[in-house]
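User: I am new to this structure and would love a close look at one part of it. Could you then walk me outward from there to the rest?

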Amino acid sequence: MQRILAMAILSLSAVFFGLTTLIVFGKVWREEVQRHRRKRRRELEPKLLAYAHGDAASLLPALGGELRRGDRAVMEQILLDHAQRVRGSEYAKLSRALDELGYVDALIRQLKSRRWWRRAEAAEKLGLGGAKRACEHLIPAMSDEMAEVRMRAAKALGTLGGTSSIRELVHALNEPNRWSTIRLADILTGMGRSVVDELTSYFDSLTLAGKLAALDILGRIRPLHTVPWLEQRLDDAEPDVRARACHALGCIGDPRTAPLLVRALDDEAWPVRAMAAKALGKIARAEAIDPLCSAMRDAEWWVRSNAAHALRAMGPRGAEALEDVLDSEDRFASHQAVLMLEEMGVIDQRAQHLVGGDGGGRAEAEMFIKRLIAVGQIGRLRALAADPANAELRAVLLQLLPAAELQTEAGR
Amino acid sequence: MAAARILIADDDPITTRFVSSLLEGEGYEVLVAEDGEHAMQLALQHLPDLIVSDLVMPYRDGYEVLRALRNNERLTAIPVLILSMKDREEDIVRGLEEGADDYVVKPFNARELVVRIRKLLRRTKTRL
Amino acid sequence: MSWIDLLSGLVTGFNQFVLVYFLVLNTTYLLLFLLSLGAVFKFVRRTFFSDYRQIMQSEMTWPISIVVAAHDEEKMIVETVRSLMMVNYGEFEVVVVNDGSNDGTLRKLIEAFDLTRTDRVYKRSIPTQNVRGVYASLVHTQLTVLDKEQGGKSDALNAGINICRYPLFCSIDADSVIEDNALLRVVKPFMEHPHETVAAGGIVRIVNGCEVRDGRVVRIELPDQYLPILQVIEYLRAFLSGRVGWSVLQSLLIISGAFGVYKKQEVVEIGGYNLDSDTEDLDLVVRLHRHMRKKRRKYRVVFVPDPVCWTEVPSKLAVLRRQRNRWHRGLVQTLWNNRGIMFNPRYGSLGMLAFPHAFLFEMLGPFVETLGYVVVLVSFLLGILNVEFFLLFVAVAILYGIFLSVAAVLLEEISFRRYPGWVDLSKLLVFSIIENFGYRQMLSLFKVKAFWDVIRRRRAWGEMERDGFRPAVEPSVEQSGGR
């Protein structure tokens, strides 16, 4: 028993001290390395910057002909830090220095490392450092088994550019990881118009997630010549595809697509209807007004809301349409209409007409206010009635508003 | 003629080191601030001829610095160039509307930055 | 056989039980630690030049509604909201729920942000106390303030969930400070597995002793007072060394209410937060688990060690006692209310690992430990103390615990290193020892008392119900700090 006891206490104490020692030594070592690196950085960085800003063709002379082995890590860090923050001729110089000092070759070798994080690191650094000749090595990295490696390779390819990488990147949209798809989409969007053709021609081979990402990218790049192709997507079997196509068309904003979007307002899937409404708001054509008013009575919340916002975006004509919706039997539709009118400032405007306008205007304004009261959403009116600044308006409003509503702070 | 004095406000030390050496190489005198508040202090103290400022900074962001500069009669004439990662249309428009004289997006082209700075300085000199 | 022999026999039997118990308990924590070690290692490897800036500017990141419940917070509320609105994220909204404050909370908000009453139409998916008004601002379009009658924190959160318009919502305590990129980082699991992830949480760190300016933690330092420092170690163990491991096993029982992100739809489906629970965050996550299992959907509840929420912890013993009392009561309640999960294979690792662990070790642990000390004392007084047992007990219960605490500090050192100084490190190591030599025992006593409180309350509740008395839901104002 005593032996067990002794062993237990001894082993636990040993582990405890072992851990503590580990922590302490680890910390000491790390701090030393950092201190050394900071010191070397202070000496090397100005030389690098002088080279970058200046006319020298090579960095080596400034370094005395060669780079010390102990400085390799520091120099790489400095080069990459600055390279990712600039563009243009200085970027080219930094990139050249990176190659000249042998880092690019080392990183290309590191792409084949057995440890995944080394591969990922290599891919990332190659992208930051701008070595175009690394592209052919990065392409196989996009099929790496680790998602992190794939993504960094994709990002690197996106930065290094080159049309050869576009195909790979578009194909990579079939990536199952949604986070990665977003990053890929960002990379592709950043490459601009050059990706559009590849996107549309490869579209059918993409998975659903890939298709949606592709449509989002098109919505951000907004290439006008894809409008006919996008209109065809409105007939796709997948509702999500139809919805995103609507969204993309709205972003592009070609008024000729309005009729097709109006048709999409009757789609059986509510996301499509919602996106169609949103898109029509961006396009703002008169022929869409009536369909949007009907859409405000849709069963789905998002469709109603988007339709209301769309009408709001249409200015005076939209306001007229919203006023008509006030009389609707559908309470949600009428409520939404009130909210939109409030946000457009129409309620305040009409309230002013109550006191400022002529006889006809005053009557009209009164009718309007009464309709608002009938709907039951009088929050804004109450707020106006409580405002001490405009006494005349207060008086008139207090007359119109049902007395009971004002006394109680009762909720709805 | 004394060299023009430029104040750089950015919380990223790598950017400030890069831009400092860039501008010093062009013959300017450079002051560095790591945050909005420090930037205002230095501006009041040294009255720089130009300010290059980031937008996202601790203590006081770029927009607040802009507003403070424009509200201060001693500092309002100083041209301000924004150097920021925010590259959306809304951000650029907002920066210019809030009082910036120019807006350069990061990652930036160093040559271009130098030329824009030179232009802004020339304009204020003729104004004086 | 004399009664002393009988007693000795019992004591010996009990001794052996206690030894085995603590050996098992600490070994499970060791296993969790090893799991966490692996996960943290992998996590740290993944972040190189972080591309969070890119993700922020991406329009494809899911929008989030930040929901804050506030009761009598007039001093800090404007600052809190202001710092929330400046959070580093693409599209988001901030919903502040004024839970029937008696001070100027609402007034200050209206003044500071130019709020006007609005007739926002929204669906009341979860029933709550009466909502008196909705306020919005034309200038700060992301902000919505809900004014309602008092109903407690859970009720306020439910009201906030009702009105929030995005598919994800983030619940934050009014007095917490979240780091700049925290929201981006905590959303990452949702982006990686959008259909499966239903909840994600970050780490809660202790702000006592740190310098906070403009809603940002500007300088990180260990607290000065001994009680908060002990809690620093405790939180490191619980979060870094514990929750990471549970998350790997996909049996995370709790996501801190101080900083958690959830899918709105699923939370609405389970009826929102539980009004009767003392620890609504624990209760919510457990019920989410049950719901998702019942629906037979593949799902994930994730803990991300990276995004940080800074929160204040009690520095006075009395406050700490109340807090731990409430936490333990909540744990017992939740375990009891969901007892069907225990050892139920239908609930996978949750039922077979997390729940039993919580019951056997988190709940019963304090009893066994306290009883252990009592027996030691009695044995000593009766002269039948087995010195060897006593020392072994010390080794297994205390030394092992110290080892685990130091292991947590190690984990912190190899990963996030928020306390980089040497003085701080030595403090942490010293307090790792003290934590097991008095602090933990004190917490055990609190927990034992909490358990009796639960038993008593149930009986009392039963009696009161007969008399027709309904205790009001207490507004959890004093809840300083998260879990």
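Which residues in H2(B) meet which residues in H3(B)?

Analyst: Happy to help! Please keep in mind that this is a predicted model.

Let's begin with the helix pair you asked about. From H2(B), the residues in the contact are B:Gly36, B:Ala39, B:Met40 and B:Ala43, and they meet B:Glu64, B:Val65, B:Ala68 and B:Leu69 of H3(B). Sorted by class, this contact has six nonpolar residues, one polar residue and one charged residue.

Two packed helices are described by the angle and the distance between their axes. Here, H2 of chain B covers residues 36–46 and H3 of chain B covers residues 62–71; their axes come within 9 Å and cross at roughly 25°. That angle makes H2(B) roughly parallel to H3(B), because angles under 35 degrees count as roughly parallel. As for handedness, the crossing of H2(B) and H3(B) is right-handed.

Now to the sheet of chain B. Five strands form this open sheet, in the order E2-E1-E3-E4-E5, and their pairing is parallel. At its edges are E2 (29–33) and E5 (102–105) of chain B, each of which pairs on one side only. From one strand to the next, the twist averages 20°. H3(B) packs on this sheet, where it touches E1 (5–9), E3 and E4 of chain B, and its direction makes about 175° with that of E4(B). Two of the strands it touches are partners: E3 (residues 50–53) and E4 (residues 80–84) of chain B pair in the parallel sense over three bridges. Within that pair, B:Ile51 stands opposite B:Val80 of E4(B).

Following chain B past its edge strand E5 brings us to a loop. B:Pro107 is found in the loop between E5 and E6 of chain B. The peptide bond leading from B:Lys106 to B:Pro107 is cis, with omega near -5°. For background, most peptide bonds are trans.

The strand after that loop takes us to another chain. E6 of chain B (residues 108–109) is joined to E1(A) by two bridges, and the two strands run parallel. In E6(B), B:Asn109 is the bridge partner of A:Arg87. Looking at the whole contact between these two chains, 13 residues of chain A are in contact with 14 residues of chain B. On the side of chain A, the elements that give two or more residues are H1, H2 (72–83), E1 (86–87) and H3 (89–100). H1(A) gives the most to this side, with four residues. By class, the chain A side that touches chain B divides into three nonpolar, five polar and five charged residues.

H1(A) also appears in the contact with chain C. That contact takes 39 residues from chain A and 38 residues from chain C. At least two residues each on the chain A side come from H1 (2–53), H5 (116–129), H9 (178–191), H11 (208–221), H19 (331–344) and H22 (379–386) of chain A. H1(A) gives the most to the side that touches chain C, with 13 residues. This side of chain A has 19 nonpolar, nine polar and 11 charged residues.

Chain A is also split into domains: its assignment gives domain 1 (72–140), domain 2 (162–221), domain 3 (222–344) and domain 4 (345–406). Between the C-alpha centres of domain 2 and domain 4 of chain A there are 53 Å.

Our last stop is chain C, which has an open sheet of its own. This one is formed by 10 strands in the order E3-E4-E5-E2-E1-E6-E11-E8-E12-E7, with mixed pairing. E3 (116–118) and E7 (177–178) of chain C stand at the edges with a single partner strand each, so one side of each is left without a neighbour in the sheet. The partner of E7(C) is E12 (residues 300–311) of chain C; they pair in the antiparallel sense over two bridges. C:Val177 stands opposite C:Trp310 in E12(C). A helix meets this sheet too: H7 (residues 226–248) of chain C lies across E8 (197–206) and E12 of chain C, running at about 155° to E8(C).

A hairpin of chain C rounds off the tour. E9 (residues 211–213) and E10 (residues 216–219) of chain C pair in the antiparallel sense over three bridges, and C:Arg219 in E10(C) is the bridge partner of C:Glu211. Two residues lie between the strands of this hairpin, where C:Asp214 takes a positive phi near 55°.

Conventions. Residues numbered from 1 in each chain as written. Chains lettered and ligands numbered in written order. Predicted model: local features only at pLDDT ≥ 70, side-chain atom pairs only at ≥ 80, totals over all residues. Contact = placed C-beta atoms within 7 Å. Nonpolar A, V, L, I, M, F, W, Y, C, P; charged D, E, K, R; others polar. Axes fitted to C-alpha atoms, helices over the stretch in contact; angles between N-to-C directions. Parallel < 35°, antiparallel > 145°, perpendicular 65-115°, else oblique. Left-handed = near helix turned anticlockwise from the far one by under 90°. Domains from an automatic or database assignment. Pairing = 2+ DSSP bridges.
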